[in-house]
Amino acid sequence: MTAASGIWQPHDGTPQQPEEVCFQAMGLTFTCTATPTPPSPTAAAGGSTGAALDTTAIEPEPAQMDGAVLGRGEAAGLSWVVVETAPGVLEVRVTPGRPAMVRLGWRVPCVDATAFWAADGGEHRGLPPFWRRPRTAALEKNAPVGCLVGAGDVALCTYAAAEVVRPVRTRTGVVEETGEFGFWVEHEAEPGNGIVLRLDLTRRHFATTLAEVAEWWGSRNGLARDVPRAARMPAYSTWYAMQQHVDAASVERQAAPAAELGCEAIIVDDGWHSDDRGRGYGYVGEWEPSRTSFPDISGHVAKVRGEGLAYLLWYALPFVGRHTALWDRVRPYTLAYKEHMNAAIVDPRYPVIRDLLADHLTRAVREWGMDGLKIDFIDQFAVEDPPPPGPEADCATVNEGVRRLLAQLPGDCLVELRQPYVSPGLWPYATMIRASDCPLSPAHNRQRTVDLRLIAGPLAVHADMLMWHPDESPQRVAGQLINVLFAVPQISVDLTALTPAQEEVLRFWLSFFRDHADVLQRGRFEPARPDLTYPQVTASSGDTVITARYAPLPVRVPEAGTLWLANGDASADVLLQVATPGRARATVVDCRGRTEGDELVDLAPGLVEVTVPEGGLLRLERQDQAGRSRSRS
């Protein structure tokens, strides 16, 4: 035991630091503490029924930690075991003897470190100081995972917590006194359900280690439901194109061209439920179609679906607006009031609230014929210091209330979620997850979709909606599409007002998305340089490699098969990095898919320069000695 671990900081606000226990494994020193927690609430729920509040989420049985046991022990009311489940991969379980807040910390040398990746990192990929405010992940927001990335895009240390419903706090950063990178993770634990961490010290590509974290979560928490084809195909969204000025006629006007261009779904956003156009949420919560804008919602949905499109409808799930007839009814069951939104966040710990919300969304699917739901603002349930549950509540935590609410929604339809609610605990209730709003910002859209791809597991990853000014050049329109090449594009412009060049670009690139969806979305995924917001991204499957280039970096040529190279950079001079000599057929098309060159080229080891216009595409197909294609693509 030691008091020199550094996992407690002076500003942690703990009146007395708990006793620390240390143990070692694979060259790391782990320090853990347990701070006893007060007894769980036992207040009666349901008045005279005397039913106790449910204080735990429904969780799987603890997974067996298969592998070589590197150490185990017990001290200060804690027991621990460290297992090497694969070479260089550890699972650490710490279990308290009584309910406690368990904190587990460790450090690694901060050598060759280039970036710290976190699920809620936003645009910041620098190395934070260890004293910064801890992150919190829970079912409603964020995910308990992080990765210290080193030179060459290797993972110096990737960690993840098994807990995906209840809050998990993490602190990570550079320890100024030692030049190390420190980590600690904590959450409430019980004798039968300790804290479980996965650490990857293999120094493999960081994307590989994060993909294995997603597999680990999936194996522990059960498989998500099947993701249908429509979730992985391009979609049309009304939001940027129409904002709240949406009606049946305007949606129907976009349906036919959207389907003809290659979209397979249409997502109707805010505005369908009210005649208010104030950009607030004072009128949400009753979820009745506007009689002015959508007088016959079922007939309208049937028309849009008749064009071959799935139909998804938007809901701001946690909100009930001040100007609705529900306002007085829900006021006793609220978590918080958002003055700037003119709406309250309702409390899902109450069955009456869950039934109210679930009935609204179920009606859209069962009565109106919707194919799916766009569920917005789940992260708003994550309020600080929620009020204690009242006598009508049946669960003690908001996390569990949210989980029960989502479990009541239709399980046989498309469901879109959005950053920052990215917890794997949500996988059973969704089919797709979208990047957070970044209108007209291709670089942000690229970073956010790549971040999602790294940990989204089975879900289809969608880009934020693409929009552009009517005068935008075809090259820049193509650039937006290339920036989200490894996700599902959502288009949000007036398709009836496109210039011929813009329409040609959209048709060509949406066709490419569709034709190569399996490789782009489910192939081996390797984004480069998170410290530089992913200037190059590659996906591969079999003998097909697809690389998108967003900066003038050399592109590696595979030894065999076909390389597709999408040029999202303004520079047309592209350097190919060749390791294996040979011949290849090089076909270059511009941003509209028009052929600019088609020739056999000699590939000598080293750097080979080719010209690919901005927004254009190179197909480089390796040939055998007889000049025949060596690729099946």
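Is Arg529 buried, exposed or partly exposed? Arg529 is partly exposed, with a relative accessible area of 36%. The model open in the viewer is a predicted one, and this tour begins at that residue.

**First stop: Arg529 and its partner**

Please select Arg529 together with Asp531. The two form a salt bridge, and their closest N and O atoms are 2.8 Å apart. Asp531, like its partner, is partly exposed; its relative accessible area is 24%.

**Second stop: further salt bridges**

The count for the model comes to 41 salt bridges. Select Glu186 and Arg103, whose side chains meet in one of them at 2.8 Å, N to O. This pair links distant parts of the chain: Glu186 belongs to strand β14 (residues 180–189) and Arg103 to strand β8 (residues 100–109), with the two positions 83 residues apart in the numbering. Both Glu186 and Arg103 are buried.

Next, select Arg363 and Glu367. Their side chains also meet in a salt bridge, at 3.2 Å from N to O. Arg363 counts as partly exposed, because its relative accessibility is 28%. Glu367, by contrast, is exposed, with a relative accessible area of 52%.

To see a network of salt bridges, select Arg354, Asp394, Glu400, Arg403 and Arg404, which are linked in this way.

**Third stop: a hairpin**

Colour residues 68–75, which are strand β5, and residues 78–86, which are strand β6. The two strands pair in the antiparallel sense over seven bridges. Within the pair, Val69 stands opposite Val83 of β6. Together β5 and β6 form a hairpin, with two residues between them. Select Ala76 in the turn: its phi is positive, at about 50°.

**Fourth stop: an open sheet**

Now display the sheet of eight strands. It is open, its pairing is parallel, and its order is β25-β24-β23-β22-β18-β17-β16-β26. At the edges are β25 (460–462) and β26 (490–491), each of which pairs on one side only.

Inside this sheet, select residues 310–316 for strand β18 and residues 372–376 for strand β22. These strands run parallel and are joined by five bridges. Tyr315 stands opposite Ile375 in β22. As a general point for viewing, in a regular strand the side chains alternate between the two faces of the sheet.

**Fifth stop: helix α1**

Select residues 206–221, which make up helix α1. This helix has 16 residues and reaches 23 Å from its first C-alpha to its last, close to the 22 Å expected at 1.5 Å a residue. Show the side chains and look for the buried positions, among them Phe206, Leu210, Val213, Trp216 and Trp217. Arg220 in α1 is buried as well. Immediately past the helix, select Gly222, which follows α1 and has a positive phi near 85°.

**Sixth stop: the nonpolar cores**

Which residues touch the most other members of the largest nonpolar core? They are Leu485 and Trp509, in a core of 136 residues. Select Trp509 and the residues around it. Residues up to four places away in sequence aside, Trp509 touches Ala478, Leu481, Ile482, Leu485, Ala566, Cys591, Gly615, Gly616 and Leu617. Apart from the largest core lies another, of 35 residues, including Phe23, Leu78, Leu148 and Val185. In soluble globular proteins, nonpolar side chains tend to be buried together.

**Seventh stop: the cysteines**

How many disulfides does the model contain? The count comes to zero. Select Cys32, which is in no disulfide; the nearest cysteine sulfur belongs to Cys22 and is 7.6 Å away. Cys32 has 0% relative accessibility and therefore counts as buried. Then select Cys110 and Cys157. The sulfur of Cys110 has its closest cysteine sulfur in Cys157, but the distance of 11 Å is too far for a bond. For the reasoning, the cut-off between two cysteine sulfur atoms is 2.5 Å.

**Last stop: His245**

Finally, select His245, located in the loop between α2 (239–242) and α3 (248–261). His245 counts as exposed, because its relative accessibility is 55%. Leaving aside neighbours within four places in sequence, His245 is in contact with Ser250 and Arg277. Add Asp275 to the selection: His245 and Asp275 are 30 residues apart in sequence, and their C-alpha atoms are 8.7 Å apart in space.

Note on methods. Residues are numbered from 1 along each chain as its sequence is written. This is a predicted model: local features need pLDDT of at least 70, side-chain atom pairs count only at pLDDT 80 or more; totals for chains, interfaces and linings use all residues. Side-chain values use heavy atoms; hydrogens and water are left out. Buried means under 20% relative accessible area, exposed over 50%, partly exposed in between (1.4 Å probe, protein chains only). Helices (H or I, at least four residues) and strands (E, at least two) are DSSP runs, numbered from the N terminus. The expected span of a helix is 1.5 Å times one less than its number of residues. Two strands pair if DSSP finds at least two bridges between them. A nonpolar core is a set of buried Ala, Val, Leu, Ile, Met, Phe, Trp, Tyr and Cys residues joined through side-chain atoms within 4.5 Å. Contact means heavy atoms within 4.5 Å. A salt bridge is a side-chain nitrogen of Lys or Arg within 4 Å of a carboxyl oxygen of Asp or Glu.
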